Amino acid sequence: MPLSTLAQGTNDGLGEEEVDLKSLYEMVTKHEQKSKALELYINYGAAAQATHDSRNGEWGARIYNRYLKIEMVGWLTDHIYYRFRQRINKSNVEQSEDNFSKANDYMMVGWKFNDHWSIQGGKKCQALGSFEFSENPLYIYQYSDLEGNIDSSKGAINVVYNPTPDHQISAEVSNTYNGKLADEFGKDAKISNGKMTSDGNAEPKPDIALLQKASAPLTYALGWNGKFFGGKLQTRWSYMLRTQAKDKYSQLIRFGQKLKLDRLQWYVDYSISLDDLDRMKITTREVAKVLAPTETDLYMGEICNLALVTKMNWQFTPDWNLMLKGTYETASMTQSEQFRNYRKAYGYVGSVEYYPARKQQQDLRFYLAYMGRKYSYSKRSTLTDYNTDRIELGMIYRMKLL
């Protein structure tokens, strides 16, 4: 199947490496499943968690069902393929623009013309590049802030060109939002770039303007996935331009590189997001209450977010894996004196994972993981530094039914 078709969630094995899973049907009936028309999966994750937040100084504990999704993929003919993925533990309210709920990640169909060209359409994860994005969310203990706030499943049409078996170029047009502008930001939403004005007789106030909807809120993406040296070096690069509102645009540029060896995999992603309107709402959640505490439905503009993400998996024995992940991110309101380069965020994750059913070709793992974040703000922003911690003892099972 074309790489971008399964770009979000193809990794389904030890240390992110793809494995040949045996279906429960094959295990029960002792018959090999030869048809490619239907592969059915259940993705499930649960954990006992202990969490801490320095803002209140308290530790808490719970047993948490992290993840439950059902997924179907297959080839109906040598040319027609499809994919469906639905999150069970998420709201099923349909959205006003694409008429699907946000619980639906995929409902798409593709046509493979030949070994070089294919086209696919429906609801799917946008072609965003980077290796953090391409991982199955089931295996992500903690996203970077940028990745965790992207919201990428949209109605889309994607043309894929494979000049060689090791290289792929994709061009995609998709919706910017699942709902209309008023649904995403509020009926009377406003925007401020953080500049302050004063008539000389009063305290300076931020410039504020009403948001207006765009006539065609669409997103355009161009991506390249590559493999070198027999797949030992891989790339996922992309450029995206979004129309967010009238005269408001967003750009996302990403460079992902991965080293893939037999027992060690390591990737480094670099992303830069330039937003006329704070589409991820990270800065808005922190800054709006300081910049204009009496305003409602106010969103920030002229935002620059940078993210550096690195992750390593090391299979130090056949059934054990060590995972280490680090993130470094910055946020800036480029037109604001107070909030220019105002935020730095650090993330760190470590886990030890045990796979008890590798011989049975099952992707079942038990893990012990620690996740932490630290947020540091400039003095002139008046925001307060804080950090969070989470410890998990959990289980993940990607179950292939058929």
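1. In this predicted model, 49% of the 402 residues of the protein count as buried. The exposed surface of the protein comes to about 19200 Å², and carbon and sulfur atoms supply 58% of that area.

2. Regarding secondary structure and overall form, the protein has five helices and 20 strands. Its radius of gyration is 22 Å, close to the 21 Å that the globule rule gives for 402 residues, so the protein is as compact as a globular protein of that length. Along the principal axes, the C-alpha atoms fill a box of roughly 85 × 50 × 40 Å.

3. Concerning contacts along the chain, those with a separation of 6 or more were considered, and residues 24 or more positions apart account for 63% of them.

4. In soluble globular proteins, nonpolar side chains tend to be buried together. The largest nonpolar core of this model has 16 residues, of which Val287, Met300, Met333, Phe339, Tyr342 and Tyr377 touch the most other members. At least two residues of this core come from each of helix 5 (282-291), strand 16 (298-317), strand 17 (320-333) and strand 19 (363-377). A second, separate core holds 15 residues, including Met108, Cys125, Met280 and Ala307.

5. Which residues does Met300 touch, not counting those up to four places away in sequence? Among them are two of the core residues named above, Val287 and Met333. Met300 also touches Thr283, Thr284, Ala288 and Leu291. The remaining partners are Ile191 and Ser192, together with Asp276, Leu277 and Asp278.

6. The charges of the protein number 52 positive and 48 negative. The mean positions of these two sets are 2 Å apart.

7. Two residues merit attention for their backbone angles. Most residues other than glycine have a negative phi. Asp247, although not a glycine, has a positive phi of about 65°. Where is Asp247 found? Asp247 is in the loop between strand 13 (233-245) and strand 14 (248-260). With a relative accessible area of 55%, Asp247 passes the cut-off of over 50% and is therefore exposed.

8. Asn341 is the other such residue to be noted, with a positive phi near 50° in a residue other than glycine. Asn341 is found in the loop between strand 17 and strand 18 (343-354). Is Asn341 buried or exposed? Asn341 has a relative accessible area of 58%, so this residue counts as exposed.

Definitions and conventions
Residues are numbered from 1 along each chain as its sequence is written. This is a predicted model: local features need pLDDT of at least 70, side-chain atom pairs count only at pLDDT 80 or more; totals for chains, interfaces and linings use all residues. Side-chain values use heavy atoms; hydrogens and water are left out. A nonpolar core is a set of buried Ala, Val, Leu, Ile, Met, Phe, Trp, Tyr and Cys residues joined through side-chain atoms within 4.5 Å. Buried means under 20% relative accessible area, exposed over 50%, partly exposed in between (1.4 Å probe, protein chains only). Helices (H or I, at least four residues) and strands (E, at least two) are DSSP runs, numbered from the N terminus. Contact means heavy atoms within 4.5 Å. The radius of gyration is taken over C-alpha atoms; the globule rule is 2.2 Å times the number of residues to the power 0.38. Accessible areas come from the Shrake-Rupley method with a 1.4 Å probe; for residues, only the protein chains shown count as cover. Lys and Arg count as positive and Asp and Glu as negative; His and the chain ends are not counted. The place of a charge is taken as NZ of Lys, CZ of Arg, CG of Asp or CD of Glu.
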